[in-house]
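Here are my notes on this one, as numbered points. Have the model open while you go through them.

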Amino acid sequence: MFKPPEYLSPSSIGLFRDCPQKFKFSHIDKIKEPPAWHLYLGSFVHEVLEYLYKEDAQNRSHETLKKIAADRWTNHGWADKVEALEVKPGTLADFKRAAFESMINLWELEDPTQTEIDGMEVEVLASVAGVAMKGYIDRFIFADDGTIVISDYKTGKIPNPRFKSDDDKYFQLLCYALMLEDAEQEVTSRVEFLYLTQKVKHNQIVTPEKLDVAREVIVKTRKEIEEACDSEKFKCNVTTLCDWCHYKKINICPAHMD
Ligand code: SF4
């Protein structure tokens with residue numbers, strides 16, 4: 001019998017829904033996937049934009065962005081971390097160029113000198129319908145009516161609607177809306193993604209019905225994780241995405257054992 005994790009996060013729930021076996025490797029066996037270029041790219045961009053918004057509004061310029069990016073890159077370990085990646089699809093200059101192009105596109109989506117962020121990288125602990133949840137919210141803003149708008153930067157591609165429904169796409173942000181409701185009694189009115197590479201914002205109005213669906217998924221997933229831990233049976237969800245799965249590459253996934 002395995003011990004289920006004390007807390008679930010929106011991303012761990014997503015992982016279990018994608019493939020229970022992958023969730024087991026990551027969250028029960030604690031076999032972590034090695035860092036990847038695209039994940040580092042997203043983290044670096046998030047970090048630089050977080051520091052940009054810590055500057056006074058009138059200082060939020062391209063020049064300031066460049067200075068922050070150079071400082072984080074050189075003095076806060078990014079150059080070494082990216083250099084140490086096992087698989088690098090480009091040079092360090094390519095990484096910096098891709099990151100900078102994404103960051104600079106922020107100005108196409110909002111005017112940073114006119115935007116005030118009320119919370120960035122905020123840790124939230126909450127109980128959603130009795131399920132203990134923990135996670136970090138990228139950023140949120142209080143709208144004029146006192147409700148919250150939760151947003152997330154994306155450096156990857158916009159998901160193809162043929163493979164990812166809107167419910168799946170916004171699930172993580174709706175989880176955060178539920179968590180903020182429990183932890184802070186705050187009401188979220190809108191959730192949005194800032195797709196930096198494509199220079200486009202996608203957003204969704206939050207309704208009680210959408211929150212109900214997300215809440216049901218959280219409760220259902222917790223129950224399924226506990227059942228899988230009790231029975232020690234985690235289903236392998238074999239799809240074409242397995243070809244990108246680390247656990248297949250290191251030959252420990254039961255669905256792909258030689
Ligand atoms: S290879 Fe496929 S089935 Fe195996 S853990 Fe990864 S995603 Fe799941």
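1. A definition before the strands: two strands pair if DSSP finds at least two bridges between them. Keep in mind too that this is a predicted model.

2. With that in hand, look at strand S3 (residues 148-154) and strand S4 (residues 188-195), which run parallel and share seven bridges. Within this pairing, Tyr153 sits opposite Leu194 in S4. Put helix H8 (residues 166-184) between S3 and S4 and you get a right-handed β-α-β unit.

3. S4 also has a partner in strand S5 (residues 200-205), this time antiparallel, over six bridges. Tyr195 has Val200 in S5 as its bridge partner. S4 and S5 make a hairpin with four residues between them, and Lys199 in the turn shows a positive phi of about 55°.

4. On the domains: the protein splits into domain 1 (37-113) and domain 2 (116-223), with C-alpha centres 23 Å apart. Their contact draws 14 residues from domain 1 and twelve from domain 2. On the domain 1 side, helix H3 (37-54), helix H6 (92-104) and helix H7 (106-109) each give at least two residues, and H3 has the largest share with eight. That side has seven nonpolar, five polar and two charged residues.

5. Which residues come nearest the ligand? Of the 13 around the ligand, they are Cys19, Cys242, Cys245, Lys248 and Cys253. Helix H2 (20-28) and helix H10 (246-249) each put at least two residues into this shell. By class, the shell has eight nonpolar, three polar and two charged residues.

Conventions. Residues are numbered from 1 along each chain as its sequence is written. This is a predicted model: local features need pLDDT of at least 70, side-chain atom pairs count only at pLDDT 80 or more; totals for chains, interfaces and linings use all residues. A residue is near a molecule or strand if its C-beta atom, placed from the backbone, lies within 6 Å of it. Ala, Val, Leu, Ile, Met, Phe, Trp, Tyr, Cys and Pro count as nonpolar, Asp, Glu, Lys and Arg as charged, and the others, Gly among them, as polar. Domain bounds come from an automatic or database domain assignment. Two residues are in contact if their C-beta atoms, placed from the backbone, lie within 7 Å. A crossover is right-handed if, with the strands pointing away from the viewer, the path from the first strand over the helix to the second runs clockwise.
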